[in-house]
Amino acid sequence: MRFATLVAFAVVGMSTSDGADVPPSDPVAGRSHWAFQPFADLSGTPVADGAQSRIDDLIVARLEQEGLKPVPDADRKDLIRRVYFQLIGLPPTSAQTQAFVEDKRPDALENVVDQLLDSPQFGERWGRHWLDLARYADSNGLDENFLFREAWRYRNWVIDAVNADVPFDRFVLEQVAGDVLPFDSIEQRDRQRIAAGFMVLGPKVLLGNDANNQRMEVADEQIDTIARSLLGLTLGCARCHDHKFEPVPTADYYALAGILTSTQVMEQRFMLGEQRVMERLVGLGSEGDLLDTEYERYWRELPQARKKAERAKSALEFLKKVDHEGLKGLLEKNPEAISDGAKDTTLPSEDRIVSQNKLVAKLDAAIANAPKIPPRAMIPSDVDTPADESIRRAGKFDQLGEKVPRGFLQVITTNNEVKIPEGKSGRLELGQWLTDVDHGAGRLTARVLANRVWHHLIGVGIVRTVDNFGRTGELPSHPELLDHLASQLIASGWSMKSLIREIVLSRTFALSSDYDEAAHAIDPDNRLLWRAHRRRLDPEALRDAILMAAGQLELSPMASSVSYLGDQATAVGKNEVRRRTDFPNRSVYLPVIRNDLPELFEVFNFADPHATTGARPNITAATQGLFLLNDEMVMNAAEATARQLLTDATTGDCESRVDQMFEQILGLRPDEAERSELLDFVRKTESRLTEEGNDDATLRAWATACHALLSTSRFQFVE
């Protein structure tokens, strides 16, 4: 039978061994689903002769079943470019490319891979993959798009944790329950607290939302995020009724909801002239709580302080005008607005005025001396009285049904005795359960993570529906391979770098993207991986590569990129200050404002920051070409590249200048035909511009040529 993409369609019912129908939500019957099964045991199966690794063994075996064979390996120039972009999101320099091409040692690729895995740029590339799942953003979005001024701390924590190869089980635990973990120092406490910002980052309806409804909506968003990002399951249906497709009864949904409604991620703070329910912020450092309290007190008391200052000024005017009645009336209603000296009628009028002047100056100084925003972060906490949650009939927040003990999904829980300590939310136990291989969701989590890593490196997941491992998701194209990768991940101590290294060093990763007509006829989607997938650069890699070619990219990490914005990142009417995109730092640090993404992100398939995104859209549209032709950043980069070429003493003649331009932008030298065509274009353009009276005809001609190269598919795609 020829290969065909298989989809596990939703079922409305299943049958037991005795023929009785059971509902799809039955968690016991649901354990037969492939994603909840034990790993395939490959330990007794030797790697086939000629296979470079177990990965290649399993890939080639599946190809041979369909009468296929892989295409030849990629050219070394293409391979090194692929490795650099996939591991650090940046192209190799021409010198790095040439060094790899000339390195004939058998471990040449291995050495490059290890170097890149140790690079600080690795975390910026792979941390961004996790931020897509964590629905990272620098603002709330939705109805009132308030700024998440401190979200950047979580973003940088993710980058640092990925660079440090923090074991994934610990990576998950700190994000779900970092604020309740033990610590040995204030620094460790703060790092763990910042990690738990994962629980706070989601968008929330703030305006006119009943507090009880908001509590359930926040829990629903957290359940959806945790389930999709870690378990590859969609659980939202179970909020209103037993799941129609997955083995998840409504009781399981509210068992999880009880843990999350026992978690506080919102607080009341003074914002834009009134008390509002906002994201919870906690001070950092040894004096963090004190500084945060003082800061919030200032803004909470500011309206009253202003009123007091106005009354004090009124009292001063009464004194100056010798208005005894006015002063008496103010004294009766607001005695705190009048100084003791001003109240003393035995003192001369001048002395009373001096005393009141001092009070006015003191009050004005207190108002003017606003405290700086203290170091703080978005951090959850357990509520004062954690409690189990009631099922909501039809999902309505005010229609309470049976109360459900807090717990986890029965379909992947072998230990039915869930013990959540008294007075605790259960997030610590949830964080442990998510990677518990023996009694919890560990095997499923490992499969989902292994599939995501494969998706990012190879271009398509073994399970193409990377956020859906349930019955409505696709079946794995190579189930044994997925189990091998997941089991290797666990055996390595949940090291993501170890898994990435194994995949990148496989021959499957190193195949060329060459077309083969016979193979395409059998497997047009390349699901069996007879060749490499040709892939467009994501917007971050595209922008970073453009800035790098122009010599404008700064590799230093960045703190906040939204500190200049007001409390509302976007507001109704004209925004006087809008988010910037002109930072020279890497694109992972650009502002992610919900409802106002950078145009580059909008055009080139960025993740939706409102929800977990495991696989970004893969859309090619005319607007992408128009963006590259007209965007100011691209044009400025082209001009900067041209200036370098024209001032470089080593590129005195036009031919060598063309060679340098190709190396700087594309990382390779042009062939004779390309060199001749580009030189002809530059000369004709320069001549035309000179005739038109352009004073910078030479610069403009070379800048146009650079712009053309930056817009080519050779620059935008990885072979």
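# Pockets, cavities and one helix crossing

Helix 9 supplies 4 residues to the lining of the second largest cavity, the largest share. Helices are DSSP runs of H or I with at least four residues, strands E runs of at least two, numbered from the N terminus.

The model is predicted: local features need pLDDT of at least 70 and side-chain atom pairs 80 or more, while totals for chains, interfaces and linings use all residues. Numbering starts from 1 along each chain as its sequence is written, and side-chain values use heavy atoms, without hydrogens or water.

## Enclosed space

A cavity is a set of points on a 1 Å grid where a 1.4 Å probe fits but cannot get out; lining residues have an atom within 4 Å of a point. Searching the whole structure gives 5 cavities of 30 Å³ or more.

The second largest cavity holds about 70 Å³. Its lining consists of Ile223, Ile226, Ala227, Leu231, Leu235, Leu256, Leu260, Leu409, Leu430, Trp433 and Leu434. Helix 9, helix 10 (250-261) and helix 15 (427-433) each give two or more of these residues.

The largest cavity has a volume of about 230 Å³. Its lining has 20 residues; Trp130, Phe168, Phe171, Leu449 and Met496 lie nearest the centre. Two or more lining residues come from each of helix 5, helix 6 (151-163), helix 7 (168-177), helix 9 (211-231) and helix 16. Helix 16 gives the most, with 6 residues.

## The open pocket

A pocket is an open set of grid points with protein on both sides within 12 Å along at least five of seven lines. The largest one has a volume of about 940 Å³. It is lined by 44 residues, and His455, Gly459, Arg535, Arg536 and Asp538 are the closest to its centre. Seven names cover the elements that give two or more residues: helix 2 (76-88), helix 5 (120-133), helix 16 (442-458), helix 19 (507-510), strand 11 (535-536), helix 21 (539-549) and strand 12 (717-718). Helix 5 contributes the largest share, 5 residues.

The table splits each lining by class. Ala, Val, Leu, Ile, Met, Phe, Trp, Tyr, Cys and Pro count as nonpolar, Asp, Glu, Lys and Arg as charged, the others, Gly among them, as polar.

| Lining | Nonpolar | Polar | Charged |
|---|---|---|---|
| Largest pocket | 17 residues | 13 residues | 14 residues |
| Largest cavity | 13 residues | 5 residues | 2 residues |
| Second largest cavity | 11 residues | no residues | no residues |

## Helix 7 against helix 8

Helix 7 packs on helix 8 (residues 186-195) at about 85°, with the axes 6 Å apart. The two are therefore roughly perpendicular (65 to 115 degrees). Arg170, Glu174 and Gln175 of helix 7 meet Gln188, Gln192 and Ala195 of helix 8, with contact meaning heavy atoms within 4.5 Å. By class, this contact has 1 nonpolar, 3 polar and 2 charged residues.

## Asp567

Asp567 sits in the loop between helix 21 and helix 22 (599-603). Its relative accessibility is 31%, so Asp567 counts as partly exposed, the class between buried (under 20%) and exposed (over 50%) with a 1.4 Å probe. Leaving out residues up to four places away in sequence, Asp567 touches Asn145, Phe146, Leu147, Arg149, Met271 and Leu272. Asp438 lies 129 residues from Asp567 along the chain, and their C-alpha atoms are 46 Å apart.

Note on methods
Points joined across faces, edges and corners; volume = space filled by probe spheres on them. Axes fitted to C-alpha atoms, helices over the stretch in contact; angles between N-to-C directions. Parallel < 35°, antiparallel > 145°, perpendicular 65-115°, else oblique.
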